[in-house]
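Trainee: Please take one part of this structure and examine it closely. I should then like to see how the interior is built.

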Amino acid sequence: MTAQTCPRQHQRTTMEIASLEPSLYTVKAVFILDNDGNRLLSKYYDKELYPSMKEQKNFEKNVFNKTHKADNEIAFVEGMTIVYKCSIDLFFYVAGSAQENELMLMAVLNCLFESLGQILRKNVERRCLLDNMDGVFLVVDEIIDGGVILESDPQQVIQKVNYRLDGSEQAYGFDLFDYIVGNIDGQTDRSQCA
């Protein structure tokens, strides 16, 4: 049979070919679970993959059950390529499609882990992560946007997130205000902003 006599066969082949084409949308999900498998942070970039919170949590529980006792760095779960890393009482996961390059996903995972290690001052554990969730979300957003990998260098991520590693946080709102008013040096009289 030819493609003209069997359009369904032709459509399936075309869809299969399209799914193998390279895409910038590398990352399907990023999530961090505690040592009991409870969600601390999650971002899903493919809304059709797991559209409801219940489906997402079931997926996360399934991934956790298959990985929390394993001594590997990669797993294939529900047709997804999962790379993961454990630290004290946290599990970090980056998920991509089945044909995704594991090295790309691992670069994202390592960048996330090392960036958080710098922000949390090498104290990557549940309590510190929860105390600094605003910074954690900023790190994830600087690394990935809509499933597209933006950055894989932890130093660049830290610089973009604008954390000072000497122990104090930069005021994000004032940085944005300085940018909007065109004050590049950041020498705005901040008493006028209140």
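Mentor: Gln-56 counts as buried because its relative accessibility is 13%; buried means under 20% relative accessible area, exposed over 50%, and partly exposed in between, with a 1.4 Å probe and protein chains only. The model is predicted, so local features need pLDDT of at least 70 and side-chain atom pairs count only at pLDDT 80 or more, whereas totals for chains, interfaces and linings use all residues. Residues are numbered from 1 along each chain as its sequence is written, and side-chain values use heavy atoms, with hydrogens and water left out.

Gln-56 belongs to helix α2 (residues 53-67); helices (H or I, at least four residues) and strands (E, at least two) are DSSP runs numbered from the N terminus. Beyond its neighbours within four places in sequence, Gln-56 contacts Arg-39, Tyr-44 and Tyr-50, where contact means heavy atoms within 4.5 Å.

Turning to the interior, the largest nonpolar core contains 31 residues, and Ile-32 and Leu-129 have the most contacts inside it. Such a core is a set of buried Ala, Val, Leu, Ile, Met, Phe, Trp, Tyr and Cys residues joined through side-chain atoms within 4.5 Å. Helix α3 provides the largest share of this core, eight residues. Apart from this core lies another, of 16 residues, including Phe-31 and Met-80.

Finally, in helix α6 (residues 154-161) the buried residues are Pro-154, Val-157, Ile-158 and Val-161. They lie on the same side of α6 because they cover an arc of only 95 degrees around the axis, the arc being that of the directions from the helix axis to the C-beta atoms.
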